[in-house]
Amino acid sequence: MSEPIRVHIDLGERSYPVVIGDGLIADASRLAALLRPALRGSEVMLVSNDRVAPLYLEAVRRALDGLRVDEFLLPDGEAYKSLAQFERLLGLLLERKHSRATTLIAVGGGVVGDLTGFAAACYQRGVAFIQLPTTLLAQVDSSVGGKTAVNHPLGKNMIGAFHQPRLVVADTRVLDSLPGREFAAGMAEVIKYGAIADAAFFSWLEANVRALRAREPQALAQAIERSVATKAAVVADDEREAGRRAILNFGHTFGHALETCTGYQHYLHGEAVAVGMVLAAELSLALEQVEPEVPERLRKLLAAFDLPVTVEPILTAPALVEAMSRDKKVIDGRLRLILLDALGAVSVSERVDGAGLQQFLSSRLPAAGQRSHG
């Protein structure tokens, strides 16, 4: 069995490793060797959902044998990344009398990880947590960097905190059981890293579509490592998104609006980001920041993984603009968009106001009160 790959997230006293390998969860001794040094004490709260728990929770429990272990399960789905579930988790921690020495361990995708991290940030003003991400999207994106949050009906990830995990374990073998749609959603975030910061990686992805679609372990490990390394460099430079970290939001301002306007029910997060990246690339072209081949290559690569690349006609331009006006990246009434300057290079732009944005979106969406049947 090959040695795991380690990517170091360099944040001083808050530094931690991301460990990437095949079969790390099923092997109790290997998992124990990773988890136990990262625990704060002998108390553990496992957090998962009702779909992932039957697959992996028992294996994690074996690695924690001899410790006091409780568990909290939530229903599967983005709609459950909510204040109601957050309150339920805090209530269970209090009911079971977990102390400040407890460690929360998230076993699941981005919803589980984000909610667990936010609970860990708030419980007794901050306790330890560990991420065991079981989706590709969580392994390459949401489990790394310390952004934790829950959703609100008026906006995605608007209630949260920065709270870094003590360890992230990305087991590539768990991706074998991931439904095709969720695997594709994770590839959207992988593609994002190439688009924003690594043109050579983008080209590598174009050349390795078949291997990645087949979920070949070596190709997956390389894609995850390069994605995490890119994010690690950005986060180390700007942990709390005061500047450069904003580039990681490429496609997300549009994408979050798509999710909000559809009640978190229609799009998987990665699907919304895929459409959002295409919109951002097309806007970059409209502003003459990129050549036409740039959005075309992006659309083609996303489509190669069966990701959506156009907005469905269930939405309107005014509704999306209204949702975007509540985005976290709005400062003093000005919306900051992450736009492409070239493949592998992006910049933060305030060139487009609300009227300009609505005009742009109206060319791709029906106006209020109208619906396209195309």
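Let me begin with cysteine 122, which counts as partly exposed because its relative accessibility is 35%, where buried means under 20% relative accessible area, exposed over 50%, and partly exposed in between, with a 1.4 Å probe and protein chains only. Cysteine 261 also counts as partly exposed, at 30% relative accessibility. The structure holds zero disulfides, a disulfide being a pair of cysteine sulfur atoms within 2.5 Å.

I should say that this is a predicted model, in which local features need pLDDT of at least 70 and side-chain atom pairs count only at pLDDT 80 or more, while totals for chains, interfaces and linings use all residues. Residues are numbered from 1 along each chain as its sequence is written, and side-chain values use heavy atoms, with hydrogens and water left out.

Turning to the interior, the largest nonpolar core has 108 residues, of which Phe250, Phe254 and Leu361 touch the most other members; such a core is a set of buried Ala, Val, Leu, Ile, Met, Phe, Trp, Tyr and Cys residues joined through side-chain atoms within 4.5 Å. Helix H11, residues 269-286, gives the most to this core, with ten residues, helices being DSSP runs of H or I with at least four residues, and strands runs of E with at least two, numbered from the N terminus. Leaving aside residues up to four places away in sequence, phenylalanine 254 touches, among others, Leu279, Leu283, Met324 and Leu361, contact meaning heavy atoms within 4.5 Å. A second, separate core of 21 residues includes Leu92 and Phe129.

Finally, strands E1 (residues 5-9) and E2 (residues 16-21) run antiparallel and are joined by five bridges, pairing requiring at least two bridges found by DSSP.
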